[in-house]
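Please open the structure in your viewer and keep the selection panel at hand. The tour below goes from one selection to the next and says what is found at each stop.

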Amino acid sequence: MFNALMVDKDAESGKTSAAVKQISVDDLPEAEVLVAVEYSTVNYKDGLCIGPGGGLVRNYPHVPGIDFAGTVEASSDDRYKPGDKVVLTGWRVGEAHWGGYAQKARVKADWLVPLPDGLDTRQAMAVGTAGLTAMLAVMALEDHGLEPGRGPVLVTGAAGGVGSVATAILAHLGHEVAAVTGRPEQEAYLKGLGAARIVARDEFAEVTRKPLESEVWAGCVDAVAGVMLGRVLKQMKYGTSVAAIGLAGGAAIEGALITPFILRGVNLLGIDSVMQPFANRERAWARIARDLPMDKLEAMVEPATLSDLPRLGADILKGQVRGRVVVDVNA
Ligand code: NDP
């Protein structure tokens, strides 16, 4: 028997509840690879899955945890053998399939990536889904011409998971990072990650009907959408790109006009880490090992255990988590 954070739904009231329970390997869903999980993390989607689910969780009871790192215990697939260190992010694990908030998980071999050289399992999860997404966003901006020296690069939702990793990577690559946050008390934290300056979230809070504003940003990693993305698009320099990764501030782009796309050739690049093919994942993980300083990564980490998860799941939905929460499932 081993520990797992189980979320269940009361058939009568429809209310969900989460608690650490003892389960066995026989309870796990069928798949090729059994992994002894070492670390998982708390992402925005985990907050949704620990709570009412919002359509993400298909069947209850459910084990959330959209990412994990650990050691293969058994495998019926030739690509993996017992003792191999592996990482999993995405593929709707922790949503449609039981995930990483347990001491063991059974998943498809296709969903795994070998632990990248230069990272241990804890560091890989300090990066996790949020960090992989941040790297994919930076790579997409580079593929569309971003290079140091073109001007300041904006990161929105900067004190959150994706924003923290994006800030550290961009700064390490030599970009002048402007970090947008609604939490002024996180200024020292964000500057420690390499942000050149802090921009108050309020500066983007107002919807305007102006077709364009002054050209300021050479690139942007946006975790927020909503009113903020509408404003940011109008401030992008000619021919630059925004990598849109999330919607912490709303599911629409408020107040945006077509003008930035037509008159300034701005690109809006959508980034999805969930269904990324294996080759892209490997490339992104290799870049993370190279371009994300480990001391900066360590500064982002808040440690947690399985029993902390109900509280942390609620906190992340309120935008109150800083950086990356790393869950030691064996603690
Ligand atoms: P976090 O909660 O860690 O960070 C989000 C940050 O956004 C907060 O810390 C806060 O930053 C800011 N924020 C929160 N609410 C608002 C608001 N109402 N208005 C403006 N800013 C707000 O989440 P993650 O970084 O893990 O994820 C961010 C988004 O990206 C989520 O929507 C998530 O679902 C999505 N995501 C998408 C992925 C993909 O593959 N495309 C992968 C991972 C995440 P601050 O306090 O600094 O202002």
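A residue is called buried when its relative accessible area is under 20%, exposed when it is over 50%, and partly exposed in between, with a 1.4 Å probe and protein chains only. Helices (H or I, at least four residues) and strands (E, at least two) are DSSP runs, numbered from the N terminus. This is a predicted model, in which local features need pLDDT of at least 70 and side-chain atom pairs count only at pLDDT 80 or more, while totals for chains, interfaces and linings use all residues. Residues are numbered from 1 along each chain as its sequence is written, and side-chain values use heavy atoms, with hydrogens and water left out.

**Stop one: helix α5**

Select residues 226-234, which form helix α5, and you will find a mostly covered helix in which 8 of the 9 residues are buried. The buried ones are G226, M228, L229, G230, R231, V232, L233 and K234. To see what covers them, add β8 (153-155), β9 (177-181), β11 (219-222), β12 (241-244), α6 (259-263) and β13 (267-270), which are included in that cover, where contact means heavy atoms within 4.5 Å.

Next, move to A225, in the loop between β11 and α5. A225 has a positive phi of about 60° although it is not a glycine, and its relative accessible area of 9% makes it buried.

**Stop two: the two domains**

Now colour domain 1 (2-115 + 295-328) and domain 2 (128-270) separately; such bounds come from an automatic or database domain assignment. The C-alpha centres of the two domains lie 29 Å apart, and 13 residues of domain 1 are in contact with 15 residues of domain 2.

How much area do domain 1 and domain 2 bury between them? The value is about 1200 Å², 60% of it on carbon and sulfur atoms, where buried area is the accessible area (1.4 Å probe) that two parts lose on being put together, summed over both. Select K296, M300 and R322 in domain 1, since these lose the most area to domain 2 and together make up 41% of what that side buries.

Across this interface the rule finds 0 salt bridges, a salt bridge being a side-chain nitrogen of Lys or Arg within 4 Å of a carboxyl oxygen of Asp or Glu. Helix α8 (residues 294-300) supplies the largest share of the side of domain 1 that touches domain 2, namely 3 residues.

**Stop three: G161 and I66**

Select G161, which is found in helix α3 (residues 161-172) and counts as buried at 18% relative accessibility. Leaving aside neighbours within four places in sequence, G161 is in contact with A130, G323 and R324. If you also show Y44, you can see that G161 and Y44 are 117 residues apart in sequence and 8.7 Å apart in space, C-alpha to C-alpha.

Then select I66, in the loop between α1 and β4, where a relative accessible area of 6% makes I66 buried. Not counting residues up to four places away in sequence, I66 touches ten-odd partners to browse, including N43, L88, V93 and T129.

**Stop four: backbone geometry**

Most residues other than glycine have a negative phi, and most peptide bonds are trans. With that in mind, select Y60 and P61, which are joined by a cis peptide bond with omega of about -5°; P61 is found in the loop between α1 (44-50) and β4 (67-75). Finally, go to W91, in the loop between β5 (85-89) and β6 (104-107), whose phi is near 60°, a positive value in a residue other than glycine.
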